[in-house]
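Please look over the sequence and the structure shown here before reading on. The report is meant for someone meeting this structure for the first time.

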2 protein chains.
Amino acid sequence: MRYSKQREEILKIIRNTNVHPTADWVYEQVRKTIPNISLGTVYRNLNQLVAAELILSIKDNTVVRYDGNVNPHNHFKCLRCGNVYDVEIPENDFIPQINRIGAHRVTNVRLELEGICADCVQKEKLN
Amino acid sequence: MRYSKQREEILKIIRNTNVHPTADWVYEQVRKTIPNISLGTVYRNLNQLVAAELILSIKDNTVVRYDGNVNPHNHFKCLRCGNVYDVEIPENDFIPQINRIGAHRVTNVRLELEGICADCVQKEKLN
DNA sequence: AATATTAATAGTAATCATTATTGTTATTGT
DNA sequence: ACAATAACAATAATGATTACTATTAATATT
Ligand SMILES: [Mn+2]
Ligand SMILES: [Mn+2]
Ligand SMILES: [Zn+2]
Ligand SMILES: [Zn+2]
């Protein structure tokens with residue numbers, strides 16, 4: 001993987017936010033410094049960065065979001081505002097060693113949480 | 001929701017399989033008895049059946065799968081062959097009462113498992 | 001039973017996120 | 001410098017799903 005300023009900028013943007021951005025959001029941001037960048041370039045580099053394990057991709061409904069935090073962690077999605085939050089769950093407390101389910105060999109356990117976020121709960125109380 | 005033989009046939013097909021079919025798979029099946037059915041009709045009815053809670057929808061990568069088993073249960077996806085299996089996990093053993101994460105109100109907990117299924121593990125051993 | 005109402009249909013066009021293609025540019029090794 | 005080619009910008013293609021439109025058929029009303 002040879003250097004490009006486009007990829008450097010994309011990585012910087014993802015590492016400096018905690019909004020779990022979509023490709024489109026990244027595109028809007030990077031255009032501020034590289035106005036003529038192509039959306040295809042953003043997608044290509046996001047895929048390369050995921051392959052290189054420099055970022056994570058998380059699926060959210062019909063879109064893919066990206067995450068600069070490569071430490072394994074879970075996510076909570078607010079059904080009201082759509083924001084995605086990191087969740088620090090001591091995984092061992094909730095998910096004991098699942099190596100096998102029946103005769104299936106389990107390699108990947110993902111916990112997906114949904115609900116109403118703190119901000120939206122707060123706003124709800126003001127009505 | 002008024003009666004239609006198309007919807008009846010679609011529901012029957014989904015209830016009589018355990019493959020967690022996609023809209024396209026259902027379309028191929030229902031065409032055997034209703035050859036001129038439209039793919040749009042399949043999608044429309046699948047959505048109606050989900051809304052009426054007669055079937056479940058589960059997201060799998062870029063496609064939506066449907067499930068005639070409306071009892072809450074988890075799924076295991078084989079990364080080798082792509083099959084989706086039901087998983088009987090006594091949920092309370094793995095997911096204690098999560099009502100709140102920090103100040104977020106959790107309403108929905110989903111456990112997603114991936115790995116190599118029993119069949120594929122077996123085939124692997126024959127090499 | 002005939003007629004009216006309108007939900008549901010078949011056929012097809014549109015949408016939207018993502019990927020592929022193509023000709024050009026820029027990075028890297030010699 | 002120069003050659004090799006990865007990465008680029010621009011744009012076309014893809015694929016799952018949804019929307020549109022004229023027609024058909026299920027149910028209600030006479
Ligand atoms: Mn995260
Ligand atoms: Mn199932
Ligand atoms: Zn919220
Ligand atoms: Zn398998």
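The text below takes up the two DNA strands, then the metal sites, and then one pocket.

## The two DNA strands

The model is a predicted one, and its contacts with DNA are described here strand by strand. Around DNA strand D there are 18 residues, and the closest of them are R2(A), S4(A), T41(A) and R44(A) from chain A together with Y43(B) from chain B. Around DNA strand C there are likewise 18 residues, with Y43(A), V64(A), S4(B), T41(B) and R44(B) as the closest.

Which parts of the strands face the protein, sugar and phosphate or bases? For DNA strand D, 72% of the atoms within 4 Å of the protein belong to sugar or phosphate, and the rest belong to bases. For DNA strand C, the part that belongs to sugar or phosphate is 74% of the atoms within 4 Å of the protein, and bases again make up the rest.

Several individual polar contacts can be named, and the table sets them out with their distances.

| Protein residue and atom | DNA atom | Distance |
|---|---|---|
| Q6(A), side-chain N or O | strand D, sugar or linking oxygen | 3.2 Å |
| R7(A), side-chain N or O | strand D, phosphate oxygen | 3.4 Å |
| S38(A), backbone N or O | strand D, phosphate oxygen | 3.2 Å |
| Y3(A), backbone N or O | strand C, phosphate oxygen | 3.0 Å |
| N36(B), backbone N or O | strand C, phosphate oxygen | 3.4 Å |
| R44(B), side-chain N or O | strand C, phosphate oxygen | 2.4 Å |

The elements that give two or more residues to the surface near DNA strand D are α1 (5-15) and α3 (39-51) of chain A, along with α3 (39-51) and β2 (63-67) of chain B. The largest share of that surface, 3 residues, comes from α3(A). At DNA strand C, at least two residues of the nearby surface are supplied by each of α3 and β2 (63-67) of chain A and α1 (5-15) and α3 of chain B, and α3(B) gives the most, with 3 residues.

Sorted by class, the surface near DNA strand D holds 6 nonpolar, 8 polar and 4 charged residues. The surface near DNA strand C has 6 nonpolar, 8 polar and 4 charged residues.

## The manganese sites

Which residues hold the manganese ion that is ligand 1? Its protein donors are H20(A) and H73(A) and H75(A), each through NE2, and D67(A) and D86(A), each through OD, at 2.0 to 2.3 Å from the ion. Along the sequence these donor residues are spaced H-x46-D-x5-H-x1-H-x10-D. Distant parts of the chain are linked here, since H20(A) sits in the loop between α1 and α2 (23-30) of chain A while H75(A) sits in strand β3 (residues 74-78) of chain A, 55 residues apart.

The manganese ion that is ligand 2 is coordinated in chain B by H20(B), H73(B) and H75(B) through NE2 and by D67(B) and D86(B) through OD, at 2.0 to 2.3 Å. The donors of this ion follow the spacing H-x46-D-x5-H-x1-H-x10-D along the chain. Here the linked pair is H20(B), in the loop between α1 and α2 (23-30) of chain B, and H75(B), in strand β3 (residues 74-78) of chain B, with the two 55 residues apart.

## The second largest pocket

The second largest pocket holds about 170 Å³ of space, and its lining is made by N18(A), V19(A), H20(A), R65(A), G82(A), N83(A), V84(A), Y85(A) and D86(A). Strand β4 (residues 84-87) of chain A provides the largest share of this lining, 3 residues. By class, the lining has 3 nonpolar, 4 polar and 2 charged residues.

Where does this pocket lie with respect to the domains of chain A? Because domain 1 (5-67) and domain 2 (74-126) of chain A both give residues to the lining, the second largest pocket lies between them. Two of its lining residues, H20(A) and D86(A), are also donors of the manganese ion that is ligand 1.

Technical notes: Residues are numbered from 1 along each chain as its sequence is written. Chains are lettered from A and ligands numbered from 1 in the order in which they are written. This is a predicted model: local features need pLDDT of at least 70, side-chain atom pairs count only at pLDDT 80 or more; totals for chains, interfaces and linings use all residues. Side-chain values use heavy atoms; hydrogens and water are left out. A residue is near a molecule or strand if one of its heavy atoms lies within 4 Å of it. A polar contact is a pair of N or O atoms within 3.5 Å; within protein, one must be able to donate a hydrogen and the other to accept it, and residues adjacent in sequence count only if both atoms are side-chain atoms. Helices (H or I, at least four residues) and strands (E, at least two) are DSSP runs, numbered from the N terminus. Ala, Val, Leu, Ile, Met, Phe, Trp, Tyr, Cys and Pro count as nonpolar, Asp, Glu, Lys and Arg as charged, and the others, Gly among them, as polar. On a 1 Å grid over the protein atoms alone, a cavity is a set of points where a 1.4 Å probe fits but cannot get out, and a pocket is an open set with protein on both sides within 12 Å along at least five of seven lines; lining residues have an atom within 4 Å of a point. Grid points are joined across faces, edges and corners, and a volume is the space filled by probe spheres set on the points. Domain bounds come from an automatic or database domain assignment. Donors are N, O and S atoms within 2.8 Å of the metal (3.2 Å for Na, K and Ca); water is not among the atoms, so sites may look incomplete.
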